[in-house]
Amino acid sequence: MKIMIELPERYPNVLFYNPRLVEVQENVLIGDRTRIGSFTLLHAGATIGDRCTIGSHCNICCCEIGHNVSIQTGCHITRGVTIGDNVFIGPGVVTLNDNLNGDELRFPTIMQGARIGGGSVILPGVTIGKGALVGAGSVVTRDVANGGVVVGNPARSRAFGFQDSPDTN
Ligand SMILES: CC(C)(COP(=O)(O)OP(=O)(O)OC[C@H]1O[C@@H](n2cnc3c(N)ncnc32)[C@H](O)[C@@H]1OP(=O)(O)O)[C@@H](O)C(=O)NCCC(=O)NCCS
């Protein structure tokens, strides 16, 4: 069904950078004070929390996005993804739910406070733990532990100077 009502009327508490350049399908929940960029498509059934930023040129399928989440320009958030509160997703991140090997669909989960570097690819069924960091351009094929830091293709855990030394914890 085509929705003819203008977006500011449907979502008075949401800031659309340009409401004429966004498509929001039916049955999409968007929280208060969330901002939506231009040339972005929100698919039917998507749920987006309060105070989020969804950048321009994003494709947001039927998924669950928590509060205070930032999704930067040009991301593909595939069907069935769950994103916790306070997650940061850099530009050009792609999430996937189909391994193309005949298995059933498996949906990525990105837990609260995680940060995903720009250009990363998150494979089907992967869970990124709370507060974890995925370096830019990573291909994440395995779960990432809470607070873990992974980089590369395939993404592997690596110690960086900005992390607390285990001796000081
Ligand atoms: C992972 C990250 C946080 C590490 O930053 P850092 O502590 O300053 O790391 P350094 O630049 O000192 O690099 C340390 C080593 O890790 C490697 N490295 C750093 N980032 C990497 C990445 N994304 N993928 C693969 N290797 C990486 C470096 O090549 C270097 O390797 P070497 O010691 O063998 O030469 C950072 O590189 C990163 O990817 N940040 C995400 C940026 C982003 O996407 N922001 C989005 C908003 S704009």
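Q: What share of the contacts with a separation of 6 or more comes from residues 24 or more positions apart?
A: In this predicted model, residues 24 or more positions apart account for 14% of the contacts in the chain with a separation of 6 or more.

Q: How many helices and strands does the chain have?
A: There are 22 strands and one helix.

Q: Why can the chain be called as compact as a globular protein of that length?
A: Compare the radius of gyration with the globule rule. The chain has a radius of gyration of 17 Å, and the rule gives 15 Å for 169 residues; the two are close, so the chain is as compact as a globular protein of that length. The C-alpha trace spans about 60 × 40 × 20 Å along its principal axes. As for burial, 36% of the 169 residues count as buried.

Q: How do strands of a sheet pair?
A: They pair through backbone hydrogen bonds, either parallel or antiparallel. Take the open sheet of nine strands here, where the pairing is mixed. Its order is β1-β4-β7-β10-β13-β16-β19-β21-β22.

Q: Which strands are at the edge of that sheet?
A: An edge strand pairs on one side only; here these are β1 (15-16) and β22 (156-157). Inside the order, β16 (residues 115-116) runs parallel to β19, and two bridges join them. Ile116 has Val134 of β19 as its bridge partner.

Q: What is the order of the open sheet of six strands?
A: The order is β3-β6-β9-β12-β15-β18, and the pairing is parallel. The edge strands are β3 (29-30) and β18 (127-128), each paired on one side only. Strand β15 (residues 109-110) runs parallel to β18, with two bridges between them. Here Ile110 has Ile128 as its bridge partner.

Q: Which residues have the most contacts inside the largest nonpolar core?
A: Ile128, Val134 and Val140 do, in a core of 42 residues. Strands β2 (22-24), β17 (121-122), β19 (133-134) and β21 (149-151) each supply at least two residues of this core.

Q: Which residues does Val134 touch, not counting those up to four places away in sequence?
A: Val134 touches Ile116, Gly117, Ser120, Ile128, Val140, Val144, Val150 and Ala155. Ile116 is also the bridge partner of Val134. Ile128 and Val140 are the residues named with Val134 for the most contacts inside the core.

Q: Which residues surround the ligand?
A: The shell holds Gly90, Gly117, Gly118, Gly135, Ala136, Gly137, Val151, Gly152, Phe160, Gly161 and Phe162. Sort them by character next: seven are polar, four nonpolar and none charged. Gly117 in this shell is also touched by Val134.

Technical notes
Residues are numbered from 1 along each chain as its sequence is written. This is a predicted model: local features need pLDDT of at least 70, side-chain atom pairs count only at pLDDT 80 or more; totals for chains, interfaces and linings use all residues. Two strands pair if DSSP finds at least two bridges between them. Helices (H or I, at least four residues) and strands (E, at least two) are DSSP runs, numbered from the N terminus. A residue is near a molecule or strand if its C-beta atom, placed from the backbone, lies within 6 Å of it. Ala, Val, Leu, Ile, Met, Phe, Trp, Tyr, Cys and Pro count as nonpolar, Asp, Glu, Lys and Arg as charged, and the others, Gly among them, as polar. A nonpolar core is a set of buried Ala, Val, Leu, Ile, Met, Phe, Trp, Tyr and Cys residues joined through C-beta atoms within 7 Å. A residue is buried if 20 or more other C-beta atoms lie within 10 Å of its own, exposed if 12 or fewer, and partly exposed in between; C-beta atoms are placed from the backbone. Two residues are in contact if their C-beta atoms, placed from the backbone, lie within 7 Å. The radius of gyration is taken over C-alpha atoms; the globule rule is 2.2 Å times the number of residues to the power 0.38.
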